[in-house]
Amino acid sequence: MVALGLWLSAITGRSSSARPVPAISLEKASSSSRVMLTHPQASQALASGTVDRPVESLLAISRPLQFGDYSWDEKGVPPGPTWVRVDLGSQLISVFRGGHEIGTAVIVYGGENKETPTGKLHIIAKDRDHRSSLYDAAMPYTLQLTTDGVSIHGSSVRWGAATHGCIGVPLEFAHKLFDSAKVGDEVLIVGLPVLKTRAANSNQRINPTS
Amino acid sequence: MSEGRALRSMIARRSGTGAAIVGLAAALSLAVYARADLVNAAQAGVAQSARGLNTVAAMLSYRSPGERPAGALAMLKAKRWPAVHERALPKVRGPNHLAGIVGAPVIPPVISPPVAPPLYDVVTGPPVVALAAPPPVDILPPGGGSPGVFLAPPPPGGGGGGGVFIPPPQGTTPENPVTPVTPVTPVTPVTQVIPPANSAVPEPGTWAMMLMGLFLIGQPVRRGRRAPRQPRLA
């Protein structure tokens, strides 16, 4: 019986963590393993402002993501409120359900003179097939965040690309996020730490304290 | 008889003990089977700690492709220009007066930046993330994968990522209470116009000048013909 139990667990582990990825497929394999955070880690993340809600687990990403990559795994995650964390400095987006991360992807964001706003925003509208009348461009799976048009939508995520303020994510990731999110869900956008450093340095030069 | 009873009781006790052991083993195996995800999570956590990623911020930063370089901000979506017809000549004639006039501003194309090399070596491990090509470029405006037309700086307050949007429902307090800005008609830029080669028609004034010139040239000839010829002395 013990051997049967061990054998069952072994084959279950194999099937969930060793999903074969076809060589030329454009399908995205989902993360199959998850990092459960310890209580000190979760507390530190909340206290340091990395997140503004308790986080219990993250997706285990084995290597840095590249433009166009995403990971989505909501298997076994209990139902809960969906919320999003966007990090402009890292060019990443993380989607959480409750305290568990269910998706992450590389993003493109606003360019010069069209910066993406930072802070705590909320989804105010959803549009599956929106088209920008100002820039004549498709914005599939739009999650509108502000009244002047800043939103999260599917886009061509490439190195060097920038938007006019929106947050662009891979199309399939945008589809999954669109299906998971609801109007009113929170989106936390964390800004660029380099700008703060520059401002701090300039203040120090103008008003040296030491 | 008593020996048989003792033997039966001993067998019963041992059977009971054996059954308990087997049941406990079954329960343990089922527990391990049910918590396989926790085992995977524990293994993943160990791997993360081995890389020195002990905080949430570090784990999130590890998966980052890096910060966007300052110069990679040119590949914006091209703004839609209205049709522009500009006249270079003060007066136009005929039905083909628009021939040769450029309808849209001529702007040098943007050179796409080269594909960035991977910033990190791919760590071999469980295939949790798969590589993929970018999605089809039907999202981008006409012009292909990379916009071939670079736009002049758009007017300020021209909106974030889109134009007219669904107004928020009643009772919501948007973060930025800015009314949607209607697109401003851009200032028509000066274009270079090359007039067509063989369809320039002279003005009436030009005709008159030409005739006057011919008349002036012909005056000495007329005077010479009217005046009688003086006989040449031998």
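**Confidence in chain B and a sheet in chain A**

Biologist: What does the pLDDT do over residues 137-152 of chain B, and how many contacts does the model have for them?

Modeller: Over residues 137-152 of chain B the pLDDT stays under 50, on a scale of the predictor's confidence in each residue that runs from 0 to 100. The model nevertheless has 38 contacts for this stretch beyond four places in sequence, a contact being two residues whose C-beta atoms, placed from the backbone, lie within 7 Å. Residues 162-166 of chain B also have a pLDDT below 50, with 20 contacts in the model beyond near neighbours in sequence. Where pLDDT is low, the predicted coordinates should not be read in detail.

This is a predicted model, in which local features need pLDDT of at least 70 and side-chain atom pairs count only at pLDDT 80 or more, while totals for chains, interfaces and linings use all residues. Residues are numbered from 1 along each chain as its sequence is written, and chains are lettered from A and ligands numbered from 1 in the order in which they are written.

Biologist: Which elements of chain B have the lowest and the highest mean pLDDT?

Modeller: Helix H2 (residues 36-50) of chain B has the lowest, 60, and helix H4 (residues 204-226) of chain B the highest, 93. Chain B averages 63, and 30% of the residues score at least 70.

Biologist: How do you know that S8(A) and S9(A) pair?

Modeller: Two strands pair if DSSP finds at least two bridges between them, strands being DSSP runs of E with at least two residues, and helices runs of H or I with at least four, numbered from the N terminus. S8(A) and S9(A) have seven bridges in the antiparallel sense, so they meet that definition. Asp127(A), for instance, stands opposite Thr142(A) in S9(A).

Biologist: Why is one side of S8(A) and of S11(A) left without a neighbour in the sheet?

Modeller: The open sheet has the order S8-S9-S10-S11 in chain A, with mixed pairing. Strands S8 (125-132) and S11 (167-169) of chain A stand at its edges, each with a single partner strand, so one side of each has no neighbour in the sheet. The partnership of S10(A) and S11(A) is parallel, over three bridges.

Biologist: What makes residues of H3(A) count as buried, and which are they?

Modeller: A residue is buried if 20 or more other C-beta atoms lie within 10 Å of its own, exposed if 12 or fewer, and partly exposed in between, with C-beta atoms placed from the backbone. Leu171(A), Phe173(A), Ala174(A), Lys176(A) and Leu177(A) are the buried residues of H3(A). They pack against several strands of chain A, including S9, S10 and S11.
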